[in-house]
Amino acid sequence: AHALALALARLDDGGDGERATALLDLVLRHDPMAPHAVRTLERIARTTQAAPLLANALAQQADAFGSDVAKLGALWAEAALVEWTLPESDATELFDRILRHAPGDRAALDATIRLALPKVRGGDATARARLVAALRVRLGQASGDTETSCLRLSLALALDAADGDARQALEQYREALRVDDGSVVAAAGAARLGAALADAEASVEAAVAQAGLASDPRARAVFLVQASSQTLSAQDVRLGTRPERLARAGDLLERALDANPEALPAVALLVAVRGEDGNRDLLLGVLRAAFERARSTQAIVQLGGEVARVASLDPPDRVLAIEALRRVLAATPGHAATLRALVDQYVAQGVWGEASLALETLASKAQDPRAKLAALLQLAQLYAGSLRRPSEVERVLRTALDADPTSLEALRRLVSHLRETSGGGDEI
């Protein structure tokens, strides 16, 4: 007590600071927790602008004070001094001490995060653990979507490392997407980790999010087709029952065709989905809308063929089917499969004249000898029966034999026809 009084007297008289400091050291050797002594030591350090001495005084105060409020005041003052004044110093441990006394101190948590980030980039595993812990606490304090999204992404990135926890990182990316489905970082991270961890549900969510972010309609369609394909094929009960999957996949595929009517993989998948769920009318409407917007030959052929096929299902719409096939032929004159489908539509309607013209075209355009022969034989049958034009029957059957001299069917029919029309003779 006498030494403390002497130190105070010297300070009050403007005396020697070094002597006062020595007296205070003597006091603190006998009682390291003497609060008046450490306060006075702080006063001397501030008066003399001795930063190291001030840091020591504040550290002693943090140990000496019994009140948490007083301790925190000393620790904060020391942390500010260490971080911003003293050279080559690290305040991390001080912020750890602050958080032990005040676990929810936002400023200390933010400082911990700020100090840990450069160390984490350097591969410091301890700093990563400290960063993750601080981010988790701060996440619990988030008050709005923007702050929540930012903290979740920060936590995901901290966990998404070689020595991190990929599963937890994926969960944070997904939670960030639920808060903000326009987050490029969250969508890319969820897609990458979803694929790496074979998490179908996460991959579907990520693909849908990436589709929403894509500015190119073709890219958007690709992501939506990817999401629908995984929805249908993945063995993951979280994706729902089979009817639920079909409904979701159908919606995704319709969105894909709305974005890009020439997304042919979407056409094939949607046909399969609607074929399984039996929603023919809905399928036909979507296909017609895409067909009307299609411009490339390949898309017109595939979409037109599907429109015609679906329109032919009960109850059939033959007019729509024929219109679709005619548009395909306008884009690709002589397309054999389309001509064959058009013939079938005309025959189903009983429009024999149109059917014969389509068969004539098919026979002249077909590159496959078997397809050519089949068209000629059907055409001969049509002329002989519904159209009753026997002269055309002979011409067509002779053409069939020219196309395939080995065709016994063509020869048999020609012989039969000649017998009926000429009674046999030398020509036979």
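What share of the contacts in the chain with a separation of 6 or more comes from residues 24 or more positions apart? Here the figure is 45%. Keep that in mind as you look around, and remember that you are looking at a predicted model, not an experimental one.

Let's start with the whole chain. There are 428 residues in it, and buried ones make up 44% of them. If you look for strands you'll find zero, but you can count 23 helices. How confident was the predictor? The mean pLDDT is 88, and 88% of the residues reach 70 or more. One stretch to treat with care is residues 1-16, where the pLDDT is below 50. Beyond near neighbours in sequence, that stretch has 24 contacts in the model.

Now for some helix pairs. Two packed helices are described by the angle between their axes and by the distance between those axes. Take α4 (residues 51-64) and α5 to begin with: their axes come within 8 Å and cross at roughly 155°. Anything over 145 degrees counts as roughly antiparallel, so α4 and α5 are roughly antiparallel to each other. Their crossing is left-handed. On the α4 side, the residues that meet α5 are Ala51, Leu54, Ala55, Leu58, Ala59, Gln61, Ala62 and Asp63. Across from them, α5 brings Lys71, Ala74, Leu75, Ala77, Glu78 and Leu81. Sorted by class, this contact has 10 nonpolar residues, one polar and three charged. Look at the numbering too: Leu54 and Leu58 are both on the list for α4. An α-helix has 3.6 residues a turn, so residues three or four places apart point the same way.

Further along the chain, have a look at α14 (residues 242-259) and α16 (residues 280-293). Their axes come within 9 Å and cross at roughly 15°. Since angles under 35 degrees count as roughly parallel, α14 is roughly parallel to α16. The crossing of this pair is left-handed. Which residues make the contact? From α14 they are Glu254, Leu257, Asp258 and Ala259, and from α16 they are Leu282, Val286, Ala290 and Arg293. That gives five nonpolar residues, three charged and no polar ones in the contact of α14 with α16.

Next, try zooming in on a single helix, α6 (residues 92-101). Which of its residues are buried? They are Thr92, Leu94, Phe95, Asp96, Ile98 and Leu99. And what covers them? The cover includes α5 (68-84), which you've already met, along with α7 (106-121) and α8 (125-141).

Let's finish with two individual residues. Ser154 sits in helix α9 (residues 145-159). Is Ser154 buried, partly exposed or exposed? Its relative accessible area is 30%, so Ser154 is partly exposed. Now find Ile113: it is 41 residues away from Ser154 in sequence, yet the two are 9.8 Å apart in space, C-alpha to C-alpha.

The other residue is Arg192, which you'll find in helix α11 (residues 184-196). Arg192 is partly exposed as well, because its relative accessible area is 45%. Leaving aside neighbours within four places in sequence, Arg192 is in contact with Asp160 and Tyr173. You can also trace from Arg192 to Ala206, which is 14 residues apart from it along the chain, with 8.8 Å between their C-alpha atoms.

Key. Residues are numbered from 1 along each chain as its sequence is written. This is a predicted model: local features need pLDDT of at least 70, side-chain atom pairs count only at pLDDT 80 or more; totals for chains, interfaces and linings use all residues. Side-chain values use heavy atoms; hydrogens and water are left out. Axes are lines fitted to C-alpha atoms, for helices over the stretch in contact, and angles run from 0 to 180 degrees between N-to-C directions. Helices (H or I, at least four residues) and strands (E, at least two) are DSSP runs, numbered from the N terminus. Angles under 35 degrees count as roughly parallel, over 145 as roughly antiparallel, 65 to 115 as roughly perpendicular and the rest as oblique. A crossing is left-handed if the near helix is turned anticlockwise from the far one by less than a right angle, and right-handed if clockwise. Contact means heavy atoms within 4.5 Å. Ala, Val, Leu, Ile, Met, Phe, Trp, Tyr, Cys and Pro count as nonpolar, Asp, Glu, Lys and Arg as charged, and the others, Gly among them, as polar. pLDDT is the predictor's confidence in each residue, from 0 to 100. Buried means under 20% relative accessible area, exposed over 50%, partly exposed in between (1.4 Å probe, protein chains only).
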